[in-house]
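Student: I have a model open and would like to go through its sheets, helices and cysteines with you. Could we take them one at a time?

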Amino acid sequence: MSSPTATLSVTGSLNMDFVVQVERLPAPGETVLGHGFRMIPGGKGANQACAAGKLARGIRVRMVGRVGYDPFADHLKASLAAAGVDVSSVHATHSQPTGIAEIWVERAGQNSIVVASGANGELSPADIESVRNVYLSSSVSLFQLETPLNTVEAALRVAREAGAMTVLDPAPARPLPAALLALVDVLTPNESEACILLGRGPSRVGLEEAREMSAELRKLGPRAVVVKLGDQGCLYADEFTQLVSPGFKVEAVDSTAAGDTFNAALGVALCEKMALEAALRFANAAAAISVTRLGAQSSAPSREEVEAFLSERRSH
């Protein structure tokens, strides 16, 4: 267990998610009827911070980001604070509204998402400098790609200079510059993100393909790679180690926050200095629980739920 002063920082987006359940995702130009509309706090950064807050023990979780001056901003910050997250470094901007995302979730749990970034697009390198103390106190720093790329790179650089372990979830996927990837300690793409980073077309990725892709991804600059493979689990690779952590079979309802929950749990585990195999299993378990529930932050499990889940799986 880490000391009580350990800090996990999360730099990224805060969105209000407008979620609608549908029987199937619409084709271009098609209208389908939906049901079960809900407004749920989201954004990849905030999702990771909220999940980390629920999972952490003896760790301070801090969020860095931007919102607008509107009711959505208050709701998003309140949701994070309720999960135990320090939101003092979430600043408001007059020039843009709080970010939003429209999410359609079909019967089998797959989703389609459109994001209007709003204030997230205003997070700047100057903002990062203004909260440098957050990174100076961080053991682990989590990042994603829903804020400007130059800001992500600036934050990675500050975190690396401060001695924090940097973990990048490369989503939404896009090709990334070598200078940015060189600042990443752990890169955590899923199958499609790994293909995009490597300039390949989309394809189903099994364990053997993941082994080969992890080596190619490491050549791009990160010190280690975790390829997330859904219910197959994940594959970790660094210069010396390659480790497969099997997934858990569950009945998926909504996969919206699976990747975010995985990264949050991995960040917490690394902050707590869990052994690598235990850290990956902990992250897989948290992600597996999240897909059995609707929503983003609302689907993130508590620490007690993850431990009970793992205990039950060990007993079978």
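Student: Which residue stands opposite Thr7 in β4?

Tutor: Happy to start there, with a word on the source: this is a predicted model, where local features need pLDDT of at least 70 and side-chain atom pairs count only at pLDDT 80 or more, while totals for chains, interfaces and linings use all residues. Residues are numbered from 1 along each chain as its sequence is written, and side-chain values use heavy atoms, with hydrogens and water left out. Strands here are DSSP runs of E with at least two residues, helices are runs of H or I with at least four, both numbered from the N terminus, and two strands pair if DSSP finds at least two bridges between them. Strand β1 (residues 7-11) runs parallel to β4 (residues 60-68), joined by five bridges, and the residue opposite Thr7 is Arg60.

Student: Which strands does helix α1 touch when it packs on the sheet?

Tutor: Contact means heavy atoms within 4.5 Å. For directions, axes are lines fitted to C-alpha atoms, for helices over the stretch in contact, and angles run from 0 to 180 degrees between N-to-C directions. Helix α1 (residues 44-55) makes about 155 degrees with β4, and the strands it touches are β1, β4, β5 and β8.

Student: And what angle does the direction of α5 make with that of β8?

Tutor: Helix α5 (residues 149-161) packs on the sheet too, touching β1, β8 and β9 (165-168). Its angle with β8 is about 165 degrees.

Student: Which strands stand at the edges of the nine-strand sheet?

Tutor: That open sheet has mixed pairing and the order β5-β4-β1-β8-β9-β10-β11-β12-β13. Each edge strand has a single partner, so one side of it is left without a neighbour in the sheet. The edge strands are β5 (85-93) and β13.

Student: How many residues lie between β12 and β13 in their hairpin?

Tutor: Strand β12 (residues 234-237) and β13 (residues 242-245) pair in the antiparallel sense over four bridges. One of the bridge pairs sets Tyr236 against Leu243. The number of residues between these two strands is four.

Student: What is the order of the four-strand sheet?

Tutor: This sheet is open as well, and its pairing is mixed. In it β2 (residues 15-22) pairs with β6 (residues 99-106) in the parallel sense over eight bridges, whereas β6 and β7 are antiparallel over six. The order is β3-β2-β6-β7.

Student: Which residue takes a positive phi in the hairpin of β6 and β7?

Tutor: Within the paired strands, Glu102 stands opposite Val114 in β7. The hairpin has four residues between its strands, and the one with a phi near 100 degrees is Gly109.

Student: How many of the 14 residues of α9 are buried?

Tutor: Buried means under 20% relative accessible area, exposed over 50%, and partly exposed in between (1.4 Å probe, protein chains only). Helix α9 (residues 258-271) reaches 20 Å from its first C-alpha to its last, close to the 20 Å expected at 1.5 Å a residue; that expected span is 1.5 Å times one less than the number of residues. The helix is largely enclosed by the rest of the structure, because the number of buried residues is 13.

Student: Where is the nearest cysteine sulfur to that of Cys50?

Tutor: A disulfide is a pair of cysteine sulfur atoms within 2.5 Å, and the structure holds zero of them. Cys50 is buried, with a relative accessible area of 2%. Its nearest cysteine sulfur is 17 Å away, in Cys271.
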